[in-house]
Each structure stands twice: as structure tokens, then as C-alpha cells.
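Biologist: I should like to learn how the features of a model are read, one at a time. Please begin with contacts between side chains.

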Amino acid sequence: MRIVIALGGNALLKRGEPLTSANQRMNVRTACEQIAKIYPGNQLVITHGNGPQVGLMALQSNAYKDVPMYPLDVLGAESVGMIGYMIQQELANFVPKEASLTTVLTQTEVDPKDPAFQKPSKPVGPVYTKEEADAVAAEKGWTMAKDNDKYRRVVPSPLPTRIFGLKPLKTLIEHDYILICAGGGGIPTYYDETGRLCGAEAVIDKDLATALLAASVEADMLVIATDIDGVYLDWGTENQRLVRTANAGEIEKIAFAGGSMGPKVQAAVNFARATGKTAVIGALRDIEAIVQGQAGTAVGTGFDGIECVSSAAD
């Protein structure tokens, strides 16, 4: 199968973990060891998040006062190069030596009139206490928002409308390259009123962009890998149930948290609707079982309603 895998931020950095190169490499190595298990007989395309990394780079760039801070699209490109390099290198240690891997810096088109530009919502960078967040916001003029029990900087997150460079991406896939692309949802770009292609001061949701990419490269399956075993209804209550299968139209009616499961569910729905195929949300550690249809939450247009179990073991 042609499988597109979206690596969640936890695959690169655990929540609250120091944003060091060593920590990122350790987590990437663990993720790549799992991904390598489904390489035999399949074509793999890997995407990843970059929120913590691009936020850190913004802080680093802003610290040097002799030069204006680099825009988010440029910082995003820097972070994608760094993360792609780590994934490509670590994955090469788990697949056969003759396997070919490549990382492609990918641009994603957004609408400059997207309302998201007027309402920053995408968390980037490290977490702060309330006092730290207030100080950073006052110093840098950034928008800060609550993130569970902490605070993070939020930036515009416009919807992805097109993946640029599909022809070379498809060529690489067809020649059985393990392809790492559309990192961080792709670099947000748009055409201005003169027709010139420009970078946007924004960050694209990785899962929504990955769903668009997966449909565009005619993937057989989309796997949205995270750190929990699937989508839960009534999460955090004694009545929580794991969704095993869900009709795309039915699960779309349910309101999930916008900063976590919401975009993942919407991405799965988008892919299922666009292709008639299945998207699965589940734990990276279960990726073999996910591909075999034995784990995770499967979303498609062919399922009837929503089927739940009380736990992953049921």
C-alpha cells in the first residue's frame, strides 16, 4: 500500500520536555523504529509537526537585536530541514541499507484572506506559566493562549488549499523512495495581488495538510500517529469509550478539542471524503496493528455510524 503517516508532535518532543537536540533525536529514533516495521511491501510518505521547534527558533531569532526577527515562514523552513534530516538519518538505521530516503522542503498554498490571519490559534514554542506568558507577551507583542495548565504563543493557522510540487513528489513515491515532506504542514505561501508567490506569517496545521497531501498523491491509507490509542468519546470521564470505526459524516458532527483531537478527526474525515479510503488515528507504537486494521480509530465513508468499545483491549 501507499501509506501516508503524520507524526504527532509527541514523536519529536514530549510535552514539557526541554527542546534540546538530544531529546529530539532520541524521540525521532523511537518513532523511526516503529515506522520501519511497516516498510516491507509498502510505499511510505512521512509528515511531521514543527510547532515547538519553530517557536524556539523565533525566540532565538528575536534574541539577536541587531537583525530583525526572521518571519515565521522562513523559520518554518529552517525547522523542517532540521527535523527532516533527523528523521531521514534515523530511519535509515532501521530499514535495509539499499532503501532510498529523501526529504523535500514543501510549500503549501493558503488563502491570504483566510479569517485565521485575524485570529491566531496555533500553539508554537515552549510552554510558560501565566506570569512568564504575560511577561513574554508584553515584551514581544505576541499573542498567548492557555494550553491545558500552561500557556503558549499562538499564531495564525490558515487552511491549506494546495500542495505545491506534486509532480516531483509523486515521481519519488513511484520510484519507491521513503519520502519525508510537507513537514509542519508545509511552508505557508500565497499569491499576492501581482501574482507573486510569497511566504505567509503563519503555521499550517500538520494533520489537515497531511490529509490534503495524502489525497493528492493517491494514498491507500492515511495514518495519523499520536500517543493515545485512538479517538475517545466522553474522554476523561468514567463513560469514556474508544471509537473503533466511524462514518466520516457522523464523527464530524462531534465537537472535539480544537487544539488536539479536533484537527486530527477533521483531517481523517477530509481524506475519507476525498478518496473513499480509510484514515486511522492511533498510537505510533501500534502502527503495525493499525495497518492491519486491528488498532486505532478508523474513519471512512463506508462505515455505519460509530462503533465504540470500552477500552483498547476490548
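Modeller: A polar contact is a pair of N or O atoms within 3.5 Å; within protein, one must be able to donate a hydrogen and the other to accept it, and residues adjacent in sequence count only if both atoms are side-chain atoms. Here the side chains of Asn27 and Glu17 form a polar contact at 2.9 Å. The side chain of Asn27 also reaches the backbone oxygen of Leu12, at 3.0 Å. This is a predicted model, in which local features need pLDDT of at least 70 and side-chain atom pairs count only at pLDDT 80 or more, while totals for chains, interfaces and linings use all residues. Residues are numbered from 1 along each chain as its sequence is written, and side-chain values use heavy atoms, with hydrogens and water left out.

Biologist: Where does Asn27 lie, and is Asn27 buried or exposed?

Modeller: Helices (H or I, at least four residues) and strands (E, at least two) are DSSP runs, numbered from the N terminus. Asn27 belongs to helix α1, residues 21-35. For accessibility, buried means under 20% relative accessible area, exposed over 50%, and partly exposed in between (1.4 Å probe, protein chains only). Asn27 counts as buried because its relative accessibility is 6%.

Biologist: Which residues does Asn27 touch, not counting residues up to four places away in sequence?

Modeller: Contact means heavy atoms within 4.5 Å. With residues up to four places away in sequence left out, Asn27 touches Ala11, Leu12, Leu13, Lys14 and Glu17.

Biologist: How should a buried residue in a loop be read? Where is the place of Thr106, and which backbone atoms does the side chain of Thr106 reach?

Modeller: One reads the place, the accessibility and the contacts together. Thr106 sits in the loop between β3 (101-104) and β4 (107-110), and it counts as buried because its relative accessibility is 3%. Its side chain reaches the backbone oxygen of Val104 at 3.0 Å and the backbone nitrogen of Ala182 at 2.9 Å. Beyond four places in sequence, Thr106 touches Ile163, Phe164, Leu169, Cys181, Ala182, Gly186 and Ile187. The C-alpha atoms of Thr106 and Gly184 are 9.4 Å apart in space, with their positions 78 residues apart in sequence.

Biologist: Where does Ala219 lie, and which residues does Ala219 touch?

Modeller: Ala219 is found in the loop between α6 (206-216) and β12 (221-226). A relative accessible area of 1% is why Ala219 is buried. Leaving aside residues up to four places away in sequence, Ala219 touches Arg2, Val4, Ala214, Phe271 and Lys277. Ala219 and Leu44 are 175 residues apart along the chain, and their C-alpha atoms are separated by 9.4 Å.

Biologist: Is Lys206 buried or exposed, and which backbone oxygen does the side chain of Lys206 reach?

Modeller: Lys206, in helix α6, counts as buried because its relative accessibility is 8%. The side chain of Lys206 reaches the backbone oxygen of Leu7 at 3.4 Å. Outside the residues up to four places away in sequence, Lys206 touches Ala6, Leu7, Gly8, Thr47, His48, Gly49, Gly184, Gly185 and Lys264. By contrast, Lys206 and Thr301, 95 residues apart in sequence, are 22 Å apart in space, C-alpha to C-alpha.

Biologist: How is the sign of phi to be read?

Modeller: Most residues other than glycine have a negative phi, and most peptide bonds are trans. Asn148, which is not a glycine, has a positive phi of about 60°. Asn148 lies in the loop between β6 (143-147) and β7 (150-155), and Asn148 is exposed because its relative accessible area is 59%. Asp234 also has a positive phi, near 55°. Asp234 is placed in the loop between β13 (232-233) and β14 (241-247), and Asp234 counts as partly exposed because its relative accessibility is 42%.

Biologist: Turning to the whole chain, how many helices and strands does the protein chain have, and why is the chain described as compact?

Modeller: The protein chain has nine helices and 17 strands. Its radius of gyration is 19 Å, close to the 20 Å that the globule rule gives for 314 residues, so the chain is as compact as a globular protein of that length. The radius is taken over C-alpha atoms, and the rule is 2.2 Å times the number of residues to the power 0.38. Of the 314 residues, 51% count as buried. Among contacts with a separation of 6 or more, 75% are between residues 24 or more positions apart.
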